[in-house]
Amino acid sequence: MTDRVAIITGGSRGIGRATAIAAASRGFRVCVGYASNEAAAISVVSTIEAKNGKAIAIKCDVRKETDILALFEAADKFGTLGALVNNAGIVDKASRIDEMSAERLQRMMAINVIGSILCAREAVKRMSTRHNGKGGVIINLSSVAAKLGSPNTYVDYAASKGAIDSFTIGLGYEVAAEGIRVAAIRPGLIDTEIHALSGEPDRAHRLGHTVPMKRAGTADEIANAIVWLMSDNASYVTSAILDVSGGR
Ligand code: NAP
């Protein structure tokens, strides 16, 4: 995988940022996708370059197919694609289903589910041996919410991550004989800025004591698991979903 390109959607902040830096330190040339926070994406690129790694920042709102196509075209110019990390994701205001608008549900599914599937489609077109590709890895960001269901908070988010689990299993089988491994990580409560979207920026700390390990996790702890799955050390792992959740 040395010198292969890794695309990380939502690589500008949180888990994506940590993954971009960890992947670059293991020799990947990293395409850092971002939705709107260009300064954060450029900061990731600068951090990687300061350690003699290679990275570029590409604006890509995964709701837009045209943005996704442009992201993959930029990656093609950067080198041969070896990995996709479908990391971009959102939550929304904590609420019951009674208060969820159709617009919210469409946004949730467009970003968390359809964006990931479209990115995977583009990755398969490039990496599959069926298309004369050299193989590769697709890592999807699920959540323990897929198991817990997140009642009274965001059942829509939990359902979007349940879809990611099914997609991971099915796509893994579909491309297993074409040189592509597919796996998902289910993070638990991780200390990032995503919780501000739920209306509670301090959510990871408030609920940390409810985790069997009695604390929230860090973005680096998720990134470490992702780069292991991206590596040849995980060469027999596919259609697999790994909980990285302190036991949650
Ligand atoms: P975060 O800190 O809020 O960062 C989100 C990243 O996604 C940012 O880089 C953001 O880009 C990008 N993004 C947001 N909307 C996007 C869109 N429409 N198109 C492309 N990129 C978009 O989130 P995080 O906590 O690192 O979460 C990363 C992933 O892990 C998500 O899939 C999330 O569901 C999952 N996860 C997180 C936790 C947790 O507790 N943190 C737990 C389980 C699962 P900008 O910087 O441009 O805004």
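A polar contact is a pair of N or O atoms within 3.5 Å; the legends below apply this cut-off to a predicted model.

**View 1. Backbone polar contacts to the ligand.** A backbone N or O atom of Ser36 is placed 2.7 Å from a ligand oxygen atom, so this pair falls within 3.5 Å and counts as a polar contact. At Val62, a polar backbone atom lies 2.9 Å from a nitrogen atom of the ligand. At Asn87, the distance from a polar backbone atom to an oxygen atom of the ligand is 2.8 Å. The ligand taken alone exposes 900 Å², of which the protein buries 95%.

**View 2. The shell around the ligand.** The ligand occupies the largest pocket, where 31 residues surround it. The closest of these residues are Ser12, Arg13, Ser36, Tyr157 and Thr192. By class, the shell comprises 14 nonpolar, 13 polar and four charged residues. Helix H1 (14-25) contributes at least two residues to this shell, as does helix H6 (155-175).

**View 3. The salt bridge between Glu193 and Arg13.** Side chains of opposite charge can pair when their charged atoms come close. The structure contains 18 salt bridges. In the one formed by Glu193 with Arg13, the closest N and O atoms are 2.7 Å apart. This pair connects distant parts of the chain, its members being 180 residues apart. Glu193 belongs to the loop between strand E6 (180-187) and helix H7 (203-207), whereas Arg13 belongs to the loop between strand E1 (5-8) and H1. Arg13 is also listed among the residues closest to the ligand.

Terms used:
Residues are numbered from 1 along each chain as its sequence is written. This is a predicted model: local features need pLDDT of at least 70, side-chain atom pairs count only at pLDDT 80 or more; totals for chains, interfaces and linings use all residues. Side-chain values use heavy atoms; hydrogens and water are left out. A residue is near a molecule or strand if one of its heavy atoms lies within 4 Å of it. A polar contact is a pair of N or O atoms within 3.5 Å; within protein, one must be able to donate a hydrogen and the other to accept it, and residues adjacent in sequence count only if both atoms are side-chain atoms. Accessible areas come from the Shrake-Rupley method with a 1.4 Å probe; for residues, only the protein chains shown count as cover. On a 1 Å grid over the protein atoms alone, a cavity is a set of points where a 1.4 Å probe fits but cannot get out, and a pocket is an open set with protein on both sides within 12 Å along at least five of seven lines; lining residues have an atom within 4 Å of a point. A molecule sits in a cavity or pocket if more than half of its atoms lie within 2 Å of its grid points. Helices (H or I, at least four residues) and strands (E, at least two) are DSSP runs, numbered from the N terminus. Ala, Val, Leu, Ile, Met, Phe, Trp, Tyr, Cys and Pro count as nonpolar, Asp, Glu, Lys and Arg as charged, and the others, Gly among them, as polar. A salt bridge is a side-chain nitrogen of Lys or Arg within 4 Å of a carboxyl oxygen of Asp or Glu.
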